[in-house]
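Grab a coffee and open the model in your viewer. Try each task yourself, then check the worked solution.

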Amino acid sequence: MPFENVRVETNSRLRTLMSRPSRDQLIARYDFAIDKFQILALDALDRGESVLVAAPTGSGKTLVAEYAIEAARRQGQRAFYTAPIKALSNQKYNDLVAHYGKTDVGLLTGDNSVNPTAPIIVMTTEVLRNMIYARSDALAKLSVVVLDEVHFLQDAYRGPVWEEVIIHLDPTVQLVCLSATVSNATEVTEWLSTVRGKTVPIVEEKRPVELINHFVVGDAAEHEVKIFETIINGAPNQEVTKLEATSANRNIRSVGRGNRRSNRALSSRMRSRLFSPNRIEVVDLLQHEDLLPAIVFIFSRNQCDEAAEVCVRGGVRLTDAEQRAEIAEIVDSRVEMFSDDDLAALNFSRFANQLEAGIGSHHAGLVPAFKEIVEECFIKGLVRLVFATETLAVGLNMPARAVVIEKITKFTGEHHQPLKASEYTQLTGRAGRRGIDTVGHALVLWNQFINFDQVAALAMSRSFRLVSAFRPTYNMAANLIQTHSRQEAHHLLNLSFAQFQSGRDVVEIQARIARRGKERDRLREQAHSNFGDIDDYRRSFSLRPDASEIEEAIGQLSLGDMINLPRQSIKAAVVATAQRTNGTKLTLVTASKLIVNLQVGDFESPPQKIGFIKLPDSYARTSPKFIKEVAQRVQRTKVKTHNGRGFGSGERDHPVLNDPELKRRLIAAKSADRIDRELKLMEERIDKSVQSVSAQFDDLVRLMERRGYVSNWQLTDQGRSLARIFHELDLVIAEALIEKLFDDLNPAELASLLSVFVYEYRRAEEPPKPRIPKTLQTQWKVVKELSETIAKDEELAGIAPHRPVDAGLMEITYDWASGGELIDILDDDLTAGDFVRTMKQLIDLLRQISLIAANSQTSQTAEQAVTALFRGVVAASQGSTIESL
């Protein structure tokens, strides 16, 4: 591919400009006035320059793309429109077909190939990358490429593809990059100008519809759910701040008498004056404030489904008879290809019942057809309330009057972390329908773990810096070696945004290290105790038992058993137990009539029984008389003392326990540890920044040479196969091909074995033990050993190891490819949406194997496996968003 100085394309663009139709011709389709930022973008395109248009959702970025496409079409040139996800590609395809007709528009997503020779093609970014590496004839007469949602280049998995396209695409092709508002648009366009020629930043920060941020909190004292504006005159709403402070003070006063340490420990467990409204209360508020239609973002698939069902069972009805009939018509037309058994497996009746009530659930666990039904009904105003995960915030055109965010923290798979400013902006970008609403509304619900100031800071933040996630891959290396000299490959890699940013980042990181280092030292000073070695105490404190031991001890307690409260010498009796999803909840009463609820996370060691009282049976257990009588019996009862030196005895004897400021010092020490970890990561970033992207590439090439894929900068036969494998586990798949692990298998066996490359268990808990078909035990063992060997080689070479292969879907894939029924395959660990998506990824990999396998029988088996998988719900989900099919 060309990599020479970008000035060579000037004459070509000038010739194109001379034949360009007038602007009036190009914008004749629009019946509204064009905004200033759009005019600036069109001016740049008319000058033959590329553009980066960074603007809020719904502001009209697409108009700029359509202008460039129309200009290319009228000049007899081709235009490509790329999107990061297939759903967005399908939606854009339908939009363009509606304007240009089916003849002039095509679609290429891996799943679908519709009219591939059309002058306008919509595709995923990966498809364009693969075309470039293959030097496809489809690139002939290509005049413009639209890169929609270009901020995806910071995505860890898919981001590198965007940079590959930008770097390798012929410099005569004009780029129209569409992005959410980013704070470093100038930096991005400086890089684009370096790589591709003059690129103009077009930044519009003003939303097309004004956004009002709200904070919603339940007030138990006044028995109502209150809604406040989050920001007043550019600052956090002081009324909410005072309400939080009043609630906190009330909690402290209500703790009761006792020593200071016990009060501090127990006050956080007292019932707060403030509460988070439940979902029915949220719907009531939205209706009362005239804020429907609304999208409620919940960062859990199960919770989205549960929320929709709770509303239906609670009697929420947001539709009339005419709307319900129209919804039923849409639903019926979208599920025609599904069998009755498949619909039963997909819990279709519940889904349809929710929709007819005007309520929907939208997340990646649904099959595509179900998500598309929700989208169509919402866009048409038939469904008025959707509970969705954050995937709905990406690209799809589904604006609402209001957006509700239940929590501003989400679980990453390992821990909970606050939303980033960019994520908050993306979610709230759905609030406000242009041409319908004068303002949009973003509501955040109160949460006991996040204070109001954090919510306000997020609402006021405008920071969204685009950071490169580019990294060389084995497939990328093979393609560069195949088409370029070593020097040319290094030159291309050094054009990456990652390399462009790394030099600038070093100074900023170094300054941050200095600042954070001073903060760490200050915290270490605060953590120092004159009563003893606080680090010694913390080391013994860290040797806590497994949570399962604590849960087991809790489970052995009976009603009336007495224990000491965690970290306190306060005895209490168990008066109630309840099973919760995260373990057993104990309700206890102390001698001072304090009611305390505890679960496994509240204990640092297994609770030990120290006595027993007979609970009074003459009163209801919630009555004040019952609590009083229990408290008196707890007070009178003598308890055992435990002299054993099990867990926690070392802490109880430690001299720092005499320090009245121990809690504050422990917090300071923990904060200092966190900063130490930050400093280590920042120092590692500097080390990596010193090494160029081309140096990382050289590490990959050396490993490929050792494994026989490259010799003297030439690809071997197996190297040429690697160049055609587009997958994150490309090298492991190539090794399995070399070992002939895919030969002599039937279609079901081949599909099952290949599933280990596409499936990945992503939940926080331990995965269930995989079930391996008997005929594939040997092949699985060899694939696993291959993967582990390569990972060790990568570690030795200083390369980030690939993710492990995963056998968790082998049996299910085998059953499906053998004709099994969907209802027998889905379970609590596998949703229909995940199953369909994984099968599509597997079909894509099987098609690649059919093209590159050296054994013709293996190629044929791969094609047969595709046919075996492509049936039922998988086939019904294929192209369901494409109205022309």
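Below are five exercises on this predicted model, each with a solution in steps.

**Exercise 1. Work out how far to trust the model, and where confidence is lowest and highest.**

Solution. Start with the whole protein: the mean pLDDT is 85, and 88% of the residues reach 70 or more. Next, go to the extremes. Helix α10 (residues 260-267) has the lowest confidence, with a mean of 41, while helix α30 (residues 747-758) has the highest, at 97. Then look at two stretches with pLDDT below 50. Residues 643-651 make 16 contacts in the model beyond near neighbours in sequence, and residues 880-885 make 19 on that same basis.

**Exercise 2. Find the residues that touch the most other members of the largest nonpolar core.**

Solution. This core has 172 residues, and the ones to pick out are Phe370, Phe742, Phe757, Phe835, Leu846 and Val873. Now ask which helix gives the largest share: that's α34 (residues 832-852), with 10 residues. Zoom in on Phe757 next. Skipping neighbours within four places in sequence, its contacts include Phe742, Val783, Val805 and Leu845, and also His727 and Arg803. Finally, don't miss the second, separate core: it has 34 residues, among them Ala41, Ala55, Tyr81 and Val114.

**Exercise 3. Decide whether helix α34 is largely enclosed or not, and check its span.**

Solution. Take the span first. From first C-alpha to last, the 21 residues of α34 reach 30 Å, close to the 30 Å expected at 1.5 Å a residue. Then count buried residues: 16 of the 21 qualify, so α34 is largely enclosed by the rest of the structure.

**Exercise 4. Describe the surroundings of glutamate 788, and say whether it is buried, partly exposed or exposed.**

Solution. Place the residue first: glutamate 788 sits in helix α31 (residues 777-796). Its relative accessible area is 39%, so it counts as partly exposed, given that the class runs between the 20% and 50% cut-offs. Now follow the side chain, which makes a polar contact of 2.8 Å with the side chain of lysine 784. Last, compare positions along the chain: proline 801 is 13 residues away from glutamate 788, and their C-alpha atoms are 9.3 Å apart.

**Exercise 5. Count the disulfides, then classify cysteine 177 and cysteine 311 as buried or exposed.**

Solution. Recall what you're looking for: a covalent bond between the sulfur atoms of two cysteines. The count comes to 0 disulfides. Now the accessibility. Cysteine 177 has a relative accessible area of 1%, so it is buried. Cysteine 311 comes in at 0%, so it is buried too.

Note on methods: Residues are numbered from 1 along each chain as its sequence is written. This is a predicted model: local features need pLDDT of at least 70, side-chain atom pairs count only at pLDDT 80 or more; totals for chains, interfaces and linings use all residues. Side-chain values use heavy atoms; hydrogens and water are left out. A nonpolar core is a set of buried Ala, Val, Leu, Ile, Met, Phe, Trp, Tyr and Cys residues joined through side-chain atoms within 4.5 Å. Buried means under 20% relative accessible area, exposed over 50%, partly exposed in between (1.4 Å probe, protein chains only). Helices (H or I, at least four residues) and strands (E, at least two) are DSSP runs, numbered from the N terminus. Contact means heavy atoms within 4.5 Å. A polar contact is a pair of N or O atoms within 3.5 Å; within protein, one must be able to donate a hydrogen and the other to accept it, and residues adjacent in sequence count only if both atoms are side-chain atoms. pLDDT is the predictor's confidence in each residue, from 0 to 100. A disulfide is a pair of cysteine sulfur atoms within 2.5 Å. The expected span of a helix is 1.5 Å times one less than its number of residues.
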